[in-house]
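Colleague: Before I set anything up with this protein, could you take me through its structure by question and answer?

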Amino acid sequence: MLELYEGKPSRTVLRRESGSNPADLAGDLYTLGEQKCALYAVIPDNDNSFNFLVSLLYAQAFQALYYSADQIHHGSLPCHVHFVLDEFAAMPLPGFTRELATMRSRNISASTIIQNMAQIKELYKDSWETIPGNSDTILYLGGNEAATHKYISEALGKSTINTKTHGQSKGRSGSYSTNFQQSGRELLTPDEVRALDNRYAILFIRGAKPVMDLKYELMNHPAIHHTSDGGGPPYIHHQKKPNTWLSGVPLFVPDADTQKEEIEHERSEQE
C-alpha cells in the first residue's frame, strides 16, 4: 500500500493545486456542513487499486463534520450533509455502523446502496444488522440472492387470512359441515419476493406499513437527453468538452470555471 501512496497517480490525487487555498483536505471538508455544495468521488468499477483513497476521504469527512458539529456549532450542522454511498461494498468503512447510529443528531444522513444483504454481511460479520436497523427507509429494487429474499419476506410480516372448508360424507346417515378458521401467512414468501415483477419496488418506512409501487421510469426524466441513454454524449472524466456538449437550457449552472479546470488538468498531465 505504501508503494501505491508513492506512485504518480496517488501524488496527482493527493497533491495541492498551485494557487489553491492553503487549507488542507480536512480543512476543506469542514465547509461541507456550512454551505451548499456537491462533492463527487469518481472511481472505476473494474479496478479497486485506489479504493482505499475513497475510504480515506469518507473517514476524513466524517471526522471533520463531527468535529465541526460538536466543537464549532455545538449541536447540528447549519447545512444538511447527505452521503450517497453507491457501491458501498467497494469502499468499506470500519466505523460506519457507529457513525450511522449517531449522525442524525448532527444533521447528517447517508444512503447506503448495496446489491444484496450478503455484501454487508461479509463486511460487518457481527454488526451488519445495524445498517438496516438504523435506516429509517429501505427501498428494495429486486435481486437474486436468497438471504435478501428471506430478509424482505420477514420484514413484510404476516397477514391474517380467513379459511373456509367444507366437508361432506355420503351414505345412509350422510352429513355436511362447513368450518371457518383464521390463519397467518407471509405477505410475500421468499419465492414470491424473488419472482417480483421488475417494474415494482418495495418501500419500508419506519412507523408505516410497507408499500409496493411502480418504479420511476427514468426514460421519462426531463434531463434524460443529457445522458448517453437519452442520446447525449457519454460522460468522460476530464475530457475536453465541445461547445455543443449540452444543448438547451442548463438545469444547473456551475460556479466553477470549467476552462480554468481544463487548463490545470492539461498542465498536470504534462508534469
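Colleague: Which residues form one aromatic cluster?

Modeller: The coordinates come from a predicted model, and everything I say here is computed from it. The structure holds six aromatic pairs. One aromatic cluster is made up of Y58, F62, F83, F88, F96 and Y124.

Colleague: Is the pair of F88 and F96 stacked, edge-to-face or tilted?

Modeller: A pair of aromatic rings is described by the distance of the centres and the angle of the planes. Both F88 and F96 are buried. Their ring centres lie 4.9 Å apart with the planes at 50°, and planes under 30 degrees apart would count as stacked while those over 60 would count as edge-to-face, so the pair is tilted.

Colleague: Which strands stand at the edges of the open sheet?

Modeller: The open sheet has three strands in the order β3-β6-β7, with antiparallel pairing. Since β3 (137-140) and β7 each have a single partner strand, one side of each is left without a neighbour in the sheet, and therefore the edge strands are β3 and β7.

Colleague: What angle does the direction of α8 make with that of β6?

Modeller: Within the sheet, the twist averages 25° from one strand to the next. Helix α8 packs on this sheet and touches β3 and β6, and its direction makes with that of β6 an angle of about 55°.

Colleague: How many bridges join β6 to β7, and which residue is the bridge partner of A201?

Modeller: Strand β6 (residues 200-205) and strand β7 (residues 211-214) run antiparallel and are joined by four bridges. In this pairing L203 stands opposite V211. The two strands form a hairpin with five residues between them, where G207 in the turn has a positive phi of about 85°. For A201, the bridge partner in β7 is D213.

Colleague: Which residue takes a positive phi in the hairpin of β4 and β5?

Modeller: Strand β4 (residues 158-169) pairs with strand β5 (residues 175-186) in the antiparallel sense over twelve bridges, and one of the facing pairs joins Q168 to Y176 in β5. This hairpin has five residues between its strands, and the residue with a positive phi, near 140°, is G171.

Colleague: Is A146 buried or exposed?

Modeller: A146 lies in helix α8, which covers residues 146-156. Its C-alpha is 9.6 Å in space from that of V193, although the two are 47 residues apart in sequence. With a relative accessibility of 59%, and the threshold being over 50%, A146 counts as exposed.

Colleague: Where is R106, and is this residue buried or exposed?

Modeller: R106 sits in the loop between α5 (96-102) and β2 (108-112). Leaving aside residues up to four places away in sequence, R106 touches Y66, A69, D70, G75, S76 and L77. Its relative accessibility is 15%, whereas buried requires a value under 20%, so R106 counts as buried.

Colleague: What is the length of the polar contact that joins the side chains of R106 and D70?

Modeller: D70 is among the residues that R106 touches. Their side chains are joined by a polar contact of 3.1 Å.

Colleague: For the protein as a whole, how many helices and strands are there, and what share of the accessible surface belongs to carbon and sulfur atoms?

Modeller: The secondary structure comes to ten helices and seven strands. Of the 271 residues, 23% count as buried, and among contacts with a separation of 6 or more, residues 24 or more positions apart account for 63%. The accessible surface is about 19600 Å², and the share belonging to carbon and sulfur atoms is 52%.

Notes:
Residues are numbered from 1 along each chain as its sequence is written. This is a predicted model: local features need pLDDT of at least 70, side-chain atom pairs count only at pLDDT 80 or more; totals for chains, interfaces and linings use all residues. Side-chain values use heavy atoms; hydrogens and water are left out. Buried means under 20% relative accessible area, exposed over 50%, partly exposed in between (1.4 Å probe, protein chains only). A polar contact is a pair of N or O atoms within 3.5 Å; within protein, one must be able to donate a hydrogen and the other to accept it, and residues adjacent in sequence count only if both atoms are side-chain atoms. Contact means heavy atoms within 4.5 Å. Two strands pair if DSSP finds at least two bridges between them. Accessible areas come from the Shrake-Rupley method with a 1.4 Å probe; for residues, only the protein chains shown count as cover. Rings of Phe, Tyr and Trp (its six-membered ring) pair if their centres lie within 6.5 Å; planes under 30 degrees apart count as stacked, over 60 as edge-to-face and the rest as tilted. Axes are lines fitted to C-alpha atoms, for helices over the stretch in contact, and angles run from 0 to 180 degrees between N-to-C directions.
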